[in-house]
Amino acid sequence: MKLWSAIFLIAATAFGQRTTPAEQQVAAARQQIAANPKNAEAYNNLAVAFLRKAHTTASPDDIRQASEAIATGFSLAPKDFRLRKTQVALLLEQHEFARARDEAKELNLHNPDDAAVYGYLAQADIGLHDYHAAEEAAQWMLNLQPFNVPGLLIAADLRERTGDAEGALDVLERAYAETSPEDTDELASIANHIASIEIGEGRPEAAGQMLHRAEEVFPGYPETAKNLARIHLDHSPAAAEPAPQAAANPMVQIQPVSLAPVVLLPVPAALLVPQPTGTERVIKNMQSRVQNDPKNPAAYSALGAAFFQRARETGDVEDFQLAEQALSKSLDLVSTDFSAAGAYSTMAEVCMGEHRFSDAITYAQKALSLGSGDLSPFAIVGDANADMGEYERAAVAYSRLDISGESASEPHGVYVRDSRTSYLKFVSGDTAGAIRLMQSAVAAGTEARLPAENLAWLYFELGEYEWQAGNVAAADQAYLAALDIHPGDYRALAGLGKLRGNQGRYAEAIKLYQSAIAVVPMPVFVAELGDMYSKAGNPAEARKQYQLVEYIGLLGHINQVLHNRDLALFYADHDIKLDEALALARKEFEVRHDVYTWDALAWALYKNGKYQEASDAIDHALGSGTRDAVLWFHAGMIARGLGQTTRAKERLEAALSINPQFHVVYSTVASQQLKSLQEQSSLTASQGQNHVP
């Protein structure tokens with residue numbers, strides 16, 4: 001599914017669009033062709049759409065139209081790589097497996113890092129009954145893009161064909177969980193595959209439940225009726241009872257993601273608890289592989305990537321160290337061949353996770369120097385510069401991601417680019433632009449089939465931008481989407497708690513924050529939980545949380561590095577250890593000079609009574625134009641400390657206009673201070689009038 005049609009799908013879902021995703025994709029591609037009949041990419045999009053539609057309809061006409069679209073595309077761009085990939089997909093659909101394998105091998109020589117091509121190789125090998133080769137290709141596909149749904153489906157097919165029905169079911173359940181709620185045809189297909197295996201294993205009730213789910217997400221999906229018929233034919237009527245329930249109950253339990261404004265409702269309990277992601281299995285598999293083949297650099301690289309993924313999911317900083325050890329071993333084995341680019345890139349990401357920004361740049365540049373053709377390390381170079389406050393350098397690095405030609409709208413590339421450049425938009429004061437880019441990144445990430453946690457992170461970031469803009473309902477919907485994709489996502493739980501706390505719903509907020517820190521006890525979220533207890537009138541419990549903040553922040557060297565700024569703000573916010581708050585802020589400033597480090601320094605200086613230095617620092621923080629209400633609140637309070645009444649009023653007004661509910665405590669403080677300043681100004685004006693001669 002093309003990127004912009006994915007965006008269209010989100011909008012269409014909100015307005016009750018009933019056409020299938022494939023039909024929407026066909027319509028979008030035809031609009032592209034109508035706008036530019038010489039656009040080869042549009043014909044490729046049309047072919048992909050018809051192939052997707054054929055999976056549902058099994059219509060020879062859809063296959064024919066896909067073939068015609070490919071032929072037209074080749075007449076415009078004979079060597080287009082994406083058209084060649086789609087041609088292989090067509091050959092697979094036509095069961096021309098030998099030719100498909102030959103074509104896929106040529107594509108693999110052209111781009112050995114294309115995960116989809118490995119998928120085509122695996123499918124062709126399965127069609128030719130070469131399961132060993134298929135397994136090897138599928139493993140490469142999953143190594144390149146862990147937990148991608150097509151790769152999981154191929155793995156499930158292989159397990160089923162080799163007699164491992166339970167293993168196939170495990171993989172299919174994982175694939176179902178990783179599939180976007182918007183891809184209703186894919187969800188229905190996977191549900192039917194699960195049901196088919198359950199029927200074969202003599203479990204009609206379990207099959208019926210899956211078919212019920214398939215009918216809910218995609219009413220009238222052809223395979224659903226066929227499998228229901230199998231239940232009726234192979235088993236007693238009692239075993240087939242779930243079938244009529246599916247037809248009678250129109251309620252959809254798996255809702256497509258919608259960013260339409262909604263009333264803030266209680267968060268479903270099922271979304272509060274994390275679910276297994278499969279990362280542990282990958283780690284065990286890779287550990288076994290390196291044990292059996294200790295000279296395999298690719299296996300060590302994949303193990304390092306899996307440890308890094310687990311660090312993202314759990315917040316356990318020890319996984320950074322484990323990842324670094326595995327990646328170092330990979331690079332000890334191979335460091336100068338282009339195949340080492342992946343290990344260098346992941347090492348750069350590990351360094352980013354540990355706030356070793358200069359090291360991250362070094363490793364990313366090494367990855368780029370190998371000439372693998374992968375431009376994504378430029379994103380890491382940009383990230384490191386952005387975190388250090390070198391925004392112009394970050395922009396230059398991100399600009400290298402602005403690819404053109406056949407790869408311009410490749411989903412993974414669009415996700416990498418737009419998720420990064422959205423932050424620069426936000427920092428520069430264009431929050432609306434940041435939201436648009438992050439929506440694009442979400443759509444591209446969905447199409448690229450990112451792992452659940454990574455896609456949830458995109459939705460969380462979208463929620464943060466919406467909240468910064470004061471769009472509470474949209475922020476709530478984005479956080480909920482993150483949880484729906486990745487239950488127990490600690491960032492999304494904290495975001496939802498923040499929104500409810502700002503509305504005075506402290507009991508709900510406390511429960512959400514408790515769930516968040518049960519997953520990952522991030523000091524900033526523990527501090528916010530303490531604030532919720534304080535607002536709820538429970539100072540004793542608040543003090544416990546505040547003590548925990550300091551304990552976590554100082555636990556281990558890495559935590560001290562990661563949380564210097566958080567601790568500085570925590571101490572300043574709560575008027576404790578103010579000299580240490582300033583020392584921590586200055587220490588962080590030695591490493592980076594971004595907007596938020598300038599702000600932390602300014603706030604610590606202000607709380608230590610150094611108002612002029614604080615004013616200079618906050619002016620730096622505001623220099624980029626960032627529309628973050630907390631920054632403007634800090635600026636207003638600093639101006640008031642200097643007796644600059646007019647400036648203080650302007651900045652406090654700015655904070656409240658950006659987001660009236662920007663903080664559970666400081667929103668009220670800002671309103672009170674602004675009212676006091678306005679009354680003071682009125683009184684001064686009145687006294688001046690009384691003294692007019």
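## Aromatic pairs

The count of aromatic pairs comes to 15. In one of them, phenylalanine 570 and tyrosine 571 have ring centres 5.8 Å apart and planes at 50°. The pair counts as tilted because that angle falls neither under 30 degrees nor over 60. Phenylalanine 570 is buried, as is tyrosine 571. The model described here is a predicted one.

Ring pairs also join a cluster made up of Trp603, Tyr606, Tyr611, Phe633, Phe662 and Tyr666.

## Nonpolar core

The largest nonpolar core holds 109 residues. Within this core, the residues touching the most other members are Leu458, Tyr459, Trp603, Phe633 and Phe662. Helix α33, residues 595–607, supplies the largest share of the core, with 10 residues.

Phenylalanine 662 appears both among those core residues and in the ring cluster. Setting aside neighbours within four places in sequence, phenylalanine 662 is in contact with Trp467, Asn502, Ala629, Val630, Phe633, Ala655, Leu656, Ser667 and Ala670. Phe633, one of these contacts, is likewise a member of the ring cluster.

## Two buried helix residues

Phenylalanine 50 sits in helix α3, which spans residues 40–57. Its relative accessibility is 3%, so phenylalanine 50 counts as buried, the limit being under 20%. Beyond neighbours within four places in sequence, phenylalanine 50 contacts Val26, Arg30, Asp62, Gln65 and Ala66. Leucine 90 lies 40 residues from phenylalanine 50 along the chain, and the C-alpha atoms of the two are separated by 9.9 Å.

Asparagine 227 belongs to helix α13, residues 222–234. With a relative accessible area of 5%, asparagine 227 is buried. Not counting residues up to four places away in sequence, asparagine 227 touches Asn192, Ser196, Ile199 and Leu211. For isoleucine 199, one of these contacts, the C-alpha to C-alpha distance to asparagine 227 is 8.3 Å, at a sequence separation of 28 residues.

## Internal cavity

Rolling a probe the size of a water molecule over the atoms shows where empty space is left. In this model the count is 1 cavity of 30 Å³ or more. The largest cavity contains about 30 Å³ of space.

The lining of the largest cavity consists of Glu178, Thr179, Ser180, Gly445, Thr446, Arg449, Leu450 and Leu455. By class, the lining residues divide into 2 nonpolar, 4 polar and 2 charged. Glycine is counted with the polar residues in this division, and Gly445 is part of the lining.

Key
Residues are numbered from 1 along each chain as its sequence is written. This is a predicted model: local features need pLDDT of at least 70, side-chain atom pairs count only at pLDDT 80 or more; totals for chains, interfaces and linings use all residues. Side-chain values use heavy atoms; hydrogens and water are left out. Helices (H or I, at least four residues) and strands (E, at least two) are DSSP runs, numbered from the N terminus. Buried means under 20% relative accessible area, exposed over 50%, partly exposed in between (1.4 Å probe, protein chains only). Contact means heavy atoms within 4.5 Å. On a 1 Å grid over the protein atoms alone, a cavity is a set of points where a 1.4 Å probe fits but cannot get out, and a pocket is an open set with protein on both sides within 12 Å along at least five of seven lines; lining residues have an atom within 4 Å of a point. Grid points are joined across faces, edges and corners, and a volume is the space filled by probe spheres set on the points. A nonpolar core is a set of buried Ala, Val, Leu, Ile, Met, Phe, Trp, Tyr and Cys residues joined through side-chain atoms within 4.5 Å. Rings of Phe, Tyr and Trp (its six-membered ring) pair if their centres lie within 6.5 Å; planes under 30 degrees apart count as stacked, over 60 as edge-to-face and the rest as tilted.
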